[in-house]
Amino acid sequence: MNNQFSIAQRVGLMFRYDQELPQDMETWIKAQLNAPSPALGIANISTDVAEWPEKLQPDLSQRAHLWRRYRDLKQQQREGKNGQDTEAAKQANRRENLMRKKDELKFVQRNIYGADQIKLRLTAFWANHFTIGNTFDTGSTIGHAIDEGILAKLNGSFADMLYGMTTHPGMLNYLDNVDSAGERSEQAKQCRRKPDCQAGLNDNLGRELLELHTVSVAAGYTEDDIRNAAHVLAGWGVWFDEDLSAMRKNTGTTNHWNAYKKRWAEPGTKKVMGKTISGGRNGLRQLTDFLADHDHTIHYISTKLCQHFVSDAPTKAQIEAVKLVWQQSDGDLQAIHTQVLKLAMTATEPKFMWPMTWLFQVVRLSGATYFKGWNEIYEYQDNLMDSKEVLEELGQSFWSSRQPNGYSSDKAEWLSAEMFERRIRFADAIYQNGRTRRSVNKIMDRIGATQQTRALVASVGSSPKDQFIALMCSPELMGLNYV
């Protein structure tokens, strides 16, 4: 594979079939890190690429309103009121008020049509690092967290991203922090006086904040540290469907990204990994800033970045190079990303592509129109795919119910016969239904395919479909060595 496509495969999403290739890849990477990031897509298969309509990109306040509307109509459905128990009304409620399908399609289309491919790859890395699994209460917030908590913060500091994702309503709901009350909080004291009231400390987010989002288990923190981190987090978050007047009364705001219930908070100072954290809402920022700057955090995430973009087994020197930039820049993500990408540019061994990344690259290389447009989300068409079905079948969707540790970057987790067979089926479907715009030979010439890949393609015969499948599922296009 030529240098342009080799780098774009490793750190981006490949160049689209009609895109002019950059001559200076280092300059291209720098420009990519500062590129604008509009949500691009198509309204339907017959329209040109355009920006997604604003009405399909509601802010957090609008999302909360839609969710409350959805729950209200669901209650009317259960009670058989106002015709909400009809199938048409049920479908209309889901279509008009739920965001999951719209957000997931927007994510897919961004990755297929977007010009900011490196930022989109970095967004996928961080969205996996800060996992928010799909539940009944998080489906309408995951897309917002990815767009506003990660993509919008890629050129800021890790400390800002960490605090933003920790306090995002999607994360607070996913890890049940909205129900967490300090053991000495006013809420807990009041509950102890009522026979049917329950209020207790939930340490899910406190545990994941330390184990997965920052220092990792290598830091040697204790159960007391986890519990005290949970005490710092107690009081943060409210349910998305909570009445706004009650929310304002309990938190002083109707901003779900800043909702702190003082009555649920644990009073007094706390100590986490030797750091004294003050009481009150400001304590959480003290904690996340402390963790963001911790040596174990820097080492852990520098290693993860190198494993994802540079090598399955990065050298100590590679990891140390990223750590040094992190420390010198005070956690500036643009500086950190620049160093990781610099290392990736000079890496020589192949880097395995996630199923999701591979899919986007196949569609971009071939110019296929495979996914629905935003006007077709709820229409059934034989030749267009629902993004939810595709990503779940590939085994990798940010809108799936999944574990907080996210998807592995270890290729061994993805190389089963079943996972490979899924790629074959999707390559087949893309060729047959996606109206590809480039022949296999033109794609191979454009990317500078190796002789091994060309021999593999030739070995399957003269069928254009079989050749397409062989190319797209070749070791070269999946980021693997030939054996």
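**Exercise 1. What distance should the 13 residues of helix 6 span, and how far apart are its end C-alpha atoms?**

Solution. The model is predicted: local features need pLDDT of at least 70, side-chain atom pairs count only at pLDDT 80 or more, and totals for chains, interfaces and linings use all residues. Residues are numbered from 1 along each chain as its sequence is written, and side-chain values use heavy atoms, with hydrogens and water left out.

Step 1. Helices (H or I, at least four residues) are DSSP runs, numbered from the N terminus. Helix 6 covers residues 117-129.

Step 2. The expected span is 1.5 Å times one less than the number of residues. For helix 6 this gives 18 Å.

Step 3. The end C-alpha atoms of helix 6 are 19 Å apart, which agrees with the expected span.

**Exercise 2. State how many residues of helix 6 are buried, and classify Ile301.**

Solution. Step 1. Buried means under 20% relative accessible area, exposed over 50%, and partly exposed in between (1.4 Å probe, protein chains only). The areas come from the Shrake-Rupley method.

Step 2. In helix 6, 13 of its 13 residues are buried.

Step 3. Ile301 belongs to helix 15 (residues 295-309). Its relative accessibility is 0%, so Ile301 is buried.

Step 4. Between the C-alpha atoms of Ile301 and Trp52 there are 33 Å in space, and the two residues are 249 apart in sequence.

**Exercise 3. Find which parts the salt bridge of Arg110 and Asp147 ties together.**

Solution. Step 1. A salt bridge is a side-chain nitrogen of Lys or Arg within 4 Å of a carboxyl oxygen of Asp or Glu. The whole structure holds 26 salt bridges.

Step 2. Arg110 and Asp147 form a salt bridge, with 3.3 Å from N to O. Arg110 is in helix 5 (residues 100-113) and Asp147 in helix 7 (residues 142-150), so the pair joins parts that are 37 residues apart in sequence.

Step 3. Arg110 is buried at 7% relative accessibility, and Asp147 is buried at 15%.

**Exercise 4. Describe the salt bridges of Glu186 with Lys189 and of Glu392 with Lys388.**

Solution. Step 1. The closest N and O atoms of Glu186 and Lys189 are 4.0 Å apart. Both residues lie in helix 10, 3 residues apart, about one turn of the helix.

Step 2. Glu186 is partly exposed at 43% relative accessibility, and Lys189 is partly exposed at 37%.

Step 3. Glu392 and Lys388 meet at 3.6 Å, N to O. They lie 4 residues apart in helix 19 (residues 387-394), about one turn of the helix.

Step 4. Glu392 is partly exposed with a relative accessible area of 34%, and Lys388 is partly exposed with 28%. A network of salt bridges links Arg100, Glu104, Lys388 and Glu392.

**Exercise 5. Locate Asn82 and Asp330, and give the phi angle of Asn82 and of Asp330.**

Solution. Step 1. Asn82 sits in the loop between helix 3 (60-79) and helix 4 (87-97). Asp330 sits in the loop between helix 16 (316-328) and helix 17 (333-346).

Step 2. Asn82 is not a glycine, yet its phi is positive, near 55 degrees. Asp330 is not a glycine either, and its phi is positive at about 55 degrees.

Step 3. Asn82 is exposed at 64% relative accessibility, and Asp330 is exposed at 65%.

Note on methods. Helices (H or I, at least four residues) and strands (E, at least two) are DSSP runs, numbered from the N terminus.
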